Amino acid sequence: MKDLQFGGNMYIVLVYDISQSEAGQKRWSRIFKICKKYLSHIQNSVFEGEISKPQLMQLKKEMQPYINEELDSIIVFKSRQEKWLDKEFWAKEDDKTSFML
């Protein structure tokens, strides 16, 4: 994954699960807004899109104050490009990333 190591853009899927305890709803809302600045909202707590390594680092930095490391879970799946990600819909197809500009 040469592109991921040397600063090229990457395609990521970010999934999070924020506990509702410890002001969870407020933290969830802040994390949602931050993710929306960088990625496309796909479904509930799932975002995806192309992002550079510096943008990903900034995204993580902005989210950090709102993450409770003992209660919350955030997973980032990385790929070189979207074409290397095989996306398959098993039910209602609602591909919000396929929009025209």
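1. Ile34 is buried, with a relative accessible area of 5%, a value under the 20% limit that defines a buried residue. The model in which this residue appears is a predicted one. Ile34 belongs to helix α2. Leaving aside neighbours within four places in sequence, the residues in contact with Ile34 are Leu59, Glu62, Met63 and Tyr66. Of these, Leu59, Glu62 and Met63 are listed among the buried residues of helix α3. The C-alpha atoms of Ile34 and Lys60 are separated by 9.3 Å, although the two residues lie 26 residues apart along the chain.

2. The surroundings of Ile34 lead to the packing of the two helices. The axes of α2 and α3 come within 10 Å and cross at roughly 165°. Because angles over 145 degrees count as roughly antiparallel, α2 is roughly antiparallel to α3. On the α2 side, the contact is made by Ile31, Ile34, Cys35, Lys37 and Tyr38. On the α3 side, Gln55, Gln58, Leu59, Glu62 and Met63 take part. The crossing of these two helices is right-handed. As a general matter, two packed helices are described by the angle between their axes and the distance between the axes.

3. Helix α3 merits separate comment. This helix comprises residues 53-63 and lies across β1, β3 and β4, running at about 15° to β1. Its buried residues are Leu56, Leu59, Glu62 and Met63. Seen down the axis of α3, these buried residues fall within an arc of 125°, so they line one face of the helix. The elements that cover them include β1, α2, β3 and β4. Pro54, Met57 and Lys61, on the other side of α3, are exposed. It may be noted that Glu62 is among the buried residues of α3, whereas Lys61 is exposed.

4. The strands beneath this description should be set out as a whole. They form an open sheet of 4 strands in the order β2-β3-β1-β4, with antiparallel pairing. The edge strands are β2 and β4, each of which pairs on one side only. Neighbouring strands of this sheet are turned by 25° against each other on average, direction ignored. In general, strands of a sheet pair through backbone hydrogen bonds, either parallel or antiparallel.

5. The individual pairings can be followed by residue. Strand β1 (residues 10-17) is joined to strand β3 (residues 46-51) by 6 bridges, and the two run antiparallel. In this pairing, Gly49 of β3 is the bridge partner of Ile12. β1 also pairs with β4 in the antiparallel sense, over 7 bridges. Here Val15 stands opposite Ile75 in β4.

6. The pairing of β2 with β3 is of interest for the turn that it contains. Strand β2 (residues 40-43) is joined to β3 by 3 bridges, again in the antiparallel sense. Gln43 stands opposite Val46 in β3, and Ser40 stands opposite Glu48 of that strand. Together, β2 and β3 form a hairpin with 2 residues between them. In the turn, Asn44 has a positive phi of about 40°.

7. The loop between β1 and α2 includes Ser19. Is this loop residue buried or exposed? Ser19 is buried, with a relative accessible area of 18%; the limit for a buried residue is under 20%. Not counting residues up to four places away in sequence, Ser19 touches Gly24, Arg27, Leu71 and Asp72. Gly24 and Arg27 fall within the span given for α2, residues 24-38.

8. Finally, the overall composition of the chain may be recorded. The protein chain has 3 helices and 4 strands. Read along the sequence, these elements follow the pattern α-β-α-β-β-α-β. Of the 101 residues of the protein chain, 30% count as buried. Among contacts between residues at least 6 apart in sequence, 69% join residues at least 24 apart.

Terms used: Residues are numbered from 1 along each chain as its sequence is written. This is a predicted model: local features need pLDDT of at least 70, side-chain atom pairs count only at pLDDT 80 or more; totals for chains, interfaces and linings use all residues. Side-chain values use heavy atoms; hydrogens and water are left out. Two strands pair if DSSP finds at least two bridges between them. Axes are lines fitted to C-alpha atoms, for helices over the stretch in contact, and angles run from 0 to 180 degrees between N-to-C directions. Contact means heavy atoms within 4.5 Å. Buried means under 20% relative accessible area, exposed over 50%, partly exposed in between (1.4 Å probe, protein chains only). The arc is that of the directions from the helix axis to the C-beta atoms. Angles under 35 degrees count as roughly parallel, over 145 as roughly antiparallel, 65 to 115 as roughly perpendicular and the rest as oblique. A crossing is left-handed if the near helix is turned anticlockwise from the far one by less than a right angle, and right-handed if clockwise.
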